[in-house]
Amino acid sequence: MIFYNPLKYLESKKNSAGWRIWGMIEFKNIRKSFGEKVVLDDVSHVMETGKANLIIGQSGSGKTVLQKCLVGLFEPDEGEIIYDGMSFTDMNVDERKELRQQIGMLFQGSALFDSMTVEQNIMFPLDMFTKNNFRDKLKRVNEVLARVNLEGVNKKYPAELSGGMKKRVGIARAIVLNPKFLFCDEPNSGLDPQTSMVIDKLILDITREFNMTTVINTHDMNSVMEMGENIIYLFEGKKEWTGNKKDIIFSKNERLNNFIFASEFLQDAKDMRMLEAKGKISDDRDMDELLKGDKLD
Ligand SMILES: Nc1ncnc2c1ncn2[C@@H]1O[C@H](COP(=O)(O)OP(=O)(O)OP(=O)(O)O)[C@@H](O)[C@H]1O
Ligand SMILES: [Mg+2]
């Protein structure tokens, strides 16, 4: 950030209780319309550091628009966005540019450049934002490729990669500048359940390892139940519910339940978890014993 007065800079890092806060993203009363259509209606929340913060909701509920508002790709009509205690809304162009270098983004559908190799794709932010020489840039590219378990694919083109590999390359590109904030829009779209879980775990591990503030848009029920530490559920552009994956099990919010536990099978699974948590059935029951004689091959 461009702060000419160091005291003002330190002051800006305090919250109302006087504590220094690092890496948090807070947004207040965000409204966004396109023409007559209200897409975000008075949405407020705090995205916490070192956590996977999830924005969930049906298709069209406003998840992507919210993420784009948070990173400045859309300008909200009303409301305030605060990064690290500093108002993003009030920043000038240079200050925003500086902040953007601390933001990594994995777009819906990976958005790799098809005409560039994996190496060129990942090097792109380094070319844009650093003056490092080619050797240093290549070293960093190889570091992040290793971090996403994709060593040696430098010279391949996106068309030669599987969906899961493309996501990994997208993640590698998103973290190449060592960002404090990571935004992922539907990181699992188009992937099978197992590959989805590998990608979720990778994002979660990276978040913890680098203590990033990670914001993930998803409508994948598995991701919510695996990674949901701080969840905001949007319904038709409004914040309908907030909590974590444990709260979901106990939530009586009908819209949330219909969204997460869409099938009867999943509703039964929720009921079982709730009974377990209330101690009404044992959570270390011996399933092999219970299913004796009923097993299917
Ligand atoms: N640039 C735009 N111009 C006009 N309307 C838009 C624009 N971008 C999004 N919208 C509208 O805003 C609403 C929310 O869209 P958004 O892409 O945020 O949904 P989403 O929750 O991300 O859905 P999905 O799960 O399908 O990605 C939709 O009705 C969409 O048509
Ligand atoms: Mg979307």
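This briefing covers the overall fold, the surroundings of ligand 1 and one helix pair. The model is predicted. The protein contains 12 helices and 10 strands. For its 297 residues a compact globule would have a radius of gyration near 19 Å, and the protein has 21 Å, which agrees.

**Overall fold**
- The C-alpha trace spans about 70 × 50 × 40 Å along the principal axes of the protein.
- Buried residues make up 32% of the 297 in the protein.
- Counting contacts between residues at least 6 apart in sequence, 68% join residues at least 24 apart.

**Surroundings of ligand 1**
- The residues around ligand 1 include F34, V39 and G57, and H219 also belongs to this group.
- The rest of the shell consists of S59, G60, S61, G62, K63, T64 and V65.
- Helix α2, residues 63–71, gives the most to this shell, with three residues.
- By class, the shell around ligand 1 has seven polar residues, three nonpolar and one charged.

**Helices α4 and α5**
- Two packed helices are described by the angle between their axes and the distance between the axes.
- For α4 (residues 118–129) and α5 (residues 134–147), the axes come within 10 Å and cross at roughly 115 degrees.
- The crossing of α4 and α5 is right-handed.
- On the α4 side the contact involves E119, I122, M123 and L126; these meet K137, R140, V141, V144 and L145 in α5.
- The contact of α4 with α5 has six nonpolar and three charged residues, and no polar ones.

Terms used
Residues numbered from 1 in each chain as written. Chains lettered and ligands numbered in written order. Predicted model: local features only at pLDDT ≥ 70, side-chain atom pairs only at ≥ 80, totals over all residues. Helix = DSSP H or I, 4+ residues; strand = E, 2+ residues; numbered from the N terminus. Rg over C-alpha atoms; globule rule 2.2 N^0.38 Å. Buried ≥ 20, exposed ≤ 12 C-beta atoms within 10 Å, placed from the backbone. Contact = placed C-beta atoms within 7 Å. Near = placed C-beta within 6 Å. Nonpolar A, V, L, I, M, F, W, Y, C, P; charged D, E, K, R; others polar. Axes fitted to C-alpha atoms, helices over the stretch in contact; angles between N-to-C directions. Left-handed = near helix turned anticlockwise from the far one by under 90°.
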